[in-house]
Amino acid sequence: MAILITGGTGFLGRYLARSLVEKGEGPIVLFSRAPKRQAVADIADKVELVSGDCAEYTELLRVVKTYSITDIFHMAGFVGQADKAPAETIRVNLVSTNNVFEAAMFAGVGRVVWASTAAVYPSVLTGPAPVVLDESTSVAPQTIYAAGKLWCECLAENYRQRYGFDHVAIRPTSVFGVGRSERLGEGRSMYTDMIEELLAGKRYVVPPRCHKLMWAYAGDCAEAFYCAWKAERLEHRVFLFGGEVCSVGETVDYLRTLAPHIDVVFGADPTRIVPMVSTALLEKETGYRPRYGMREGIRRYLDELQRAAP
């Protein structure tokens, strides 16, 4: 009997695996098309790494049966440049997710907790007074990636109503942490560059000082998935995950306490971002509580970067 994490050595998968190990959960099987052993080097002796492709149903089902999987965290996905590779996006995000659902039902898996996205809502421009969305907001995906995730939500709910399929979907906003820039199909982003570029001594242009950003740390995101897995009585099956809202100025001021001579330029134009979202419903139904605000998350992120440095 074991817990399966697809995309287990990817960005969020590694944080989740580490969290489960720290909580004494297991055994844990990390299933990835190209496992990154170095990403989980600190817990490599406590998890099982298995190479395989979720888009190949027989490979996935073999793992589920071989390890007697009882619960699945489905974290594998293709993000970022998905609209430039629609066929791969469909294969990785839709076919793989359907395979996970089908394998779970066939093998009698208890619960599947899986990664959707807050990008099912339209992207927004940064500003001084952002709107924080909740689950009552109407969805309107603008990309193939977001539309695919919404399709998977509809599929999961159909299976739940027809067959009693036990699933929980988490819709994270932009999340920051070590490994984000390694995601399949993803380039770098403001949430990595604003920290890494500035602290590396490079000039970086940020949105206007009064504009707000949402800082959602990957360690808290892993906790959200864990709480959704453990929750016994759920009225809803789709939850948003966000973080602390801080101005760009506040963030830069904090970064200057860590590196006083950072070369930052406050731009005049807004930046387009995934919308900010509330964790209120997630907290109410699963007991999730955030541990890391902007400052704590960045400090933790930098500690992880230093530990990972050769």
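P27 sits in the loop between α1 and β2, and in this predicted model the peptide bond that joins G26 to P27 is cis, with an omega of about -5 degrees. Another backbone feature belongs to the loop between α2 (57-66) and β4, where S68 is found; S68 has a phi near 50 degrees, which is a positive value in a residue other than glycine.

Both of these loops lead into strands of an open sheet, whose seven strands follow the order β3-β2-β1-β4-β5-β8-β12 with parallel pairing. The edges of this sheet are formed by β3 (48-51) and β12 (238-241), each of which pairs on one side only, and neighbouring strands are turned against each other by 20 degrees on average, direction ignored. Beside the edge strand β3 lies β2 (residues 28-32), which runs parallel to β3 and is joined to it by four bridges; within this pairing, V29 stands opposite E48 of β3.

Two helices that lie across the seven-stranded sheet can be followed next. Helix α1 lies across β1 (2-6), β2 and β4 (69-74), and its direction makes about 160 degrees with that of β1. Helix α6 lies across β1, β4, β5 (111-115), β8 (167-172) and β12, and in this case the angle, taken to β5, is about 155 degrees.

A further open sheet has three strands in the order β9-β11-β13, and its pairing is mixed. Here β9 (175-176) and β13 (244-247) stand at the edges with a single partner strand each, so one side of each is left without a neighbour in the sheet. Strand β11 (residues 212-217) runs antiparallel to β13 and is joined to β13 by four bridges, with K212 standing opposite S247 of β13. Helix α6 packs on this three-stranded sheet as well, touching β9 and β11, and its direction makes about 60 degrees with that of β11. Helix α7 also packs here, touching β11 and β13, with its direction at about 85 degrees to that of β13.

From α7 the view can be extended to a helix that packs against it. Two packed helices are described by the angle between their axes and the distance between the axes. For helix α5 (residues 190-199) and helix α7 (residues 248-258), the angle is about 35 degrees and the axes are 11 Å apart, and α5 passes α7 in a right-handed crossing. On the α5 side the contact is made by M194, L198 and L199, while α7 contributes V248, T251, V252 and L255. Which classes of residue make up this contact? Six of the residues are nonpolar and one is polar, whereas none is charged.

Helices α1, α5 and α6 meet the reader again at the second largest pocket, since each of them, like α9 (294-308), gives two or more residues to its lining. This pocket holds about 700 Å³ of space and is lined by 31 residues, of which R14, R18, A39, V178 and E304 lie nearest its centre. Which element gives the largest share of this lining? That share, six residues, comes from α9. By class, the lining of the second largest pocket has 13 charged, 11 nonpolar and seven polar residues.

Key:
Residues numbered from 1 in each chain as written. Predicted model: local features only at pLDDT ≥ 70, side-chain atom pairs only at ≥ 80, totals over all residues. Heavy atoms only, no water. Axes fitted to C-alpha atoms, helices over the stretch in contact; angles between N-to-C directions. Left-handed = near helix turned anticlockwise from the far one by under 90°. Contact = heavy atoms within 4.5 Å. Nonpolar A, V, L, I, M, F, W, Y, C, P; charged D, E, K, R; others polar. 1 Å grid on protein atoms, 1.4 Å probe; cavity = no way out; pocket = protein on both sides within 12 Å on 5 of 7 lines; lining within 4 Å. Points joined across faces, edges and corners; volume = space filled by probe spheres on them. Pairing = 2+ DSSP bridges.
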